[in-house]
Structure formats: structure tokens, C-alpha cells
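I opened the notebook for a new chain today. The plan was to go from the whole chain down to single residues.

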Amino acid sequence: MGNPSVKNGLMGAGVAIIIYLILWLIDPTSYLKFGSWIGLVIALFFMYRAAKEARDLNGGFIEFAELFKVTFIMIVIMTAITSFFAYILFNFIDPNLIEVQKQIVTESIEKMSGMMGEDAAAAMAEKMEEQDYNLTIGKLLQGWAIGLVLWAIAAAIMSAIMKKKNPDFNEFA
């Protein structure tokens with residue numbers, strides 16, 4: 001598998017899913033509370049790896065546009081797989097995670113009630129109770145698409161940092 005985007009996207013997804021499963025097995029609330037932060041670190045690490053491999057494959061030099069394609073395709077692959085995993089986990093493996101998620105939100109609102117005031121906290125708690133927490137394919141795709149916009153920014157930043165122009169190439173010669 002020579003394509004850095006595909007290789008690192010699959011490896012990143014595999015590592016993330018293994019860590020998510022370990023968190024979920026230890027305590028489902030730890031998966032819900034810390035999974036996204038851990039996933040962020042994993043994604044950034046494998047994005048860096050893909051960028052470095054692409055640059056190395058090009059003799060140590062690569063332009064921003066080419067590097068952006070590599071990093072963005074890598075994140076598309078990784079997030080598609082991990083999003084599909086979350087859908088399976090929430091809907092088939094452990095449907096009780098939805099209730100755990102509601103409980104975490106309720107506890108967070110209770111902790112913030114001192115800052116917001118009792119009336120605002122009660123109104124927010126009521127609004128959260130009415131919200132549908134089920135993870136449907138539509139919600140999954142919508143969240144994935146919105147996430148890709150944010151990941152495109154991260155891919156652009158990573159590409160700008162990792163790009164390296166060939167000093168032997170002179171555009172004006």
C-alpha cells in the first residue's frame with residue numbers, strides 16, 4: 001500500500017477504533033467524555049505521518065496543493081470509518097450509550113447551574129430532555145460533512161507547515 005493517504009487513513013482509523021473500544025469496555029462514560037479528544041490527537045498524528053511520507057516520497061520536497069490533497073484524503077478516510085464505527089456502536093452494540101450521553105449532558109447542566117442561574121439551568125435541562133439523541137444515518141452524514149469542513153482547515157494548516165519547496169527550482173529562470 002504505497003499511497004500515504006490511504007495507508008495512514010486506514011491505520012489511523014484502526015488505532016482510533018481500538019482505543020475507542022478499550023475506553024468503552026473500561027467505562028462507556030470515558031468513551032463519551034474523552035473519545036473525541038483522543039480521536040483528535042490520533043487524527044493529527046496520522047495526518048502528520050501522511051504528510052511526511054508524501055514529502056519523503058517526493059524527494060523531500062512537496063508543494064502545498066499536493067500535500068493538502070494527501071492530508072485531506074487521509075482525514076476523509078479516517079473519519080468515514082470511525083463515524084461508521086460510532087454508528088454501529090450506538091445503534092447495534094450498545095444502544096444504552098444514548099442514555100449515558102443524556103446523563104452526562106444532564107450532569108453538565110447541573111454543574112453549570114451556579115453560573116447560569118437556576119431558571120436558565122432548568123430551561124436548558126428541559127430543552128435537552130426534548131432533544132433526540134439517536135444517531136441516525138442522516139445525523140451521522142451531517143456531522144461528518146460539518147466535521148470535514150473543520151478538518152479541511154486542519155489539513156491546510158498541516159500542509160502549510162509541512163510543505164517544502166525545492167531550492168533548485170527557480171520559478172523565474
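The entries below follow that order.

**Whole chain.** I noted at the start that this is a predicted model. I counted the secondary structure and found 6 helices and 0 strands. Reading along the sequence, I wrote the pattern down as α-α-α-α-α-α.

**Dimensions.** I looked up the radius of gyration, which is 20 Å, whereas a compact globule of 173 residues would have one near 16 Å. I then took the box around the C-alpha atoms along the principal axes, and got roughly 70 × 35 × 30 Å.

**Surface and burial.** I found that 35% of the 173 residues count as buried. For the accessible surface of the chain I have about 10400 Å², and 67% of this belongs to carbon and sulfur atoms.

**Contacts and charges.** I took the contacts between residues at least 6 apart in sequence; 78% of these join residues at least 24 apart. I listed 13 positive and 17 negative side chains, with the centres of the two sets 12 Å apart.

**Helix α6.** I turned to α6, which runs over residues 137–162. It has 26 residues and spans 35 Å from its first C-alpha to its last, close to the 38 Å expected at 1.5 Å a residue. Which residues of α6 are buried? I listed Leu140, Gly147, Leu148, Trp151, Ala152, Ala154, Ala155, Met158, Ser159 and Met162. I recalled that an α-helix has 3.6 residues a turn, so residues three or four places apart point the same way. I also checked what covers the buried residues of α6, and the cover includes α2 (28–57) and α3 (64–93).

**Ser159.** Is Ser159 buried or exposed? I count Ser159 as buried because its relative accessible area is 0%, and the cut-off for buried is under 20%. Leaving aside neighbours within four places in sequence, I found Ser159 in contact with Phe64, Leu67, Phe68 and Thr71.

**Ala13.** I placed Ala13 in helix α1, residues 4–26. The relative accessible area of Ala13 is 1%, so I entered this residue as buried. Which residues does Ala13 contact, leaving aside its neighbours within four places in sequence? I found Met78, Ile81 and Thr82.

**Ala13 and Ala154.** Last, I looked up the pair Ala13 and Ala154, which are 141 residues apart in sequence. From C-alpha to C-alpha, Ala13 and Ala154 are 17 Å apart in space. I had already entered Ala154 among the buried residues of α6.

Notes. Residues numbered from 1 in each chain as written. Predicted model: local features only at pLDDT ≥ 70, side-chain atom pairs only at ≥ 80, totals over all residues. Heavy atoms only, no water. Helix = DSSP H or I, 4+ residues; strand = E, 2+ residues; numbered from the N terminus. Rg over C-alpha atoms; globule rule 2.2 N^0.38 Å. Buried < 20%, exposed > 50% of the residue type's maximum accessible area, 1.4 Å probe, protein only. Contact = heavy atoms within 4.5 Å. Areas by Shrake-Rupley, 256 points an atom, 1.4 Å probe, with all protein chains shown as cover. Lys, Arg positive; Asp, Glu negative; His and termini not counted. Charge placed at Lys NZ, Arg CZ, Asp CG, Glu CD. Expected span 1.5 Å × (residues − 1).
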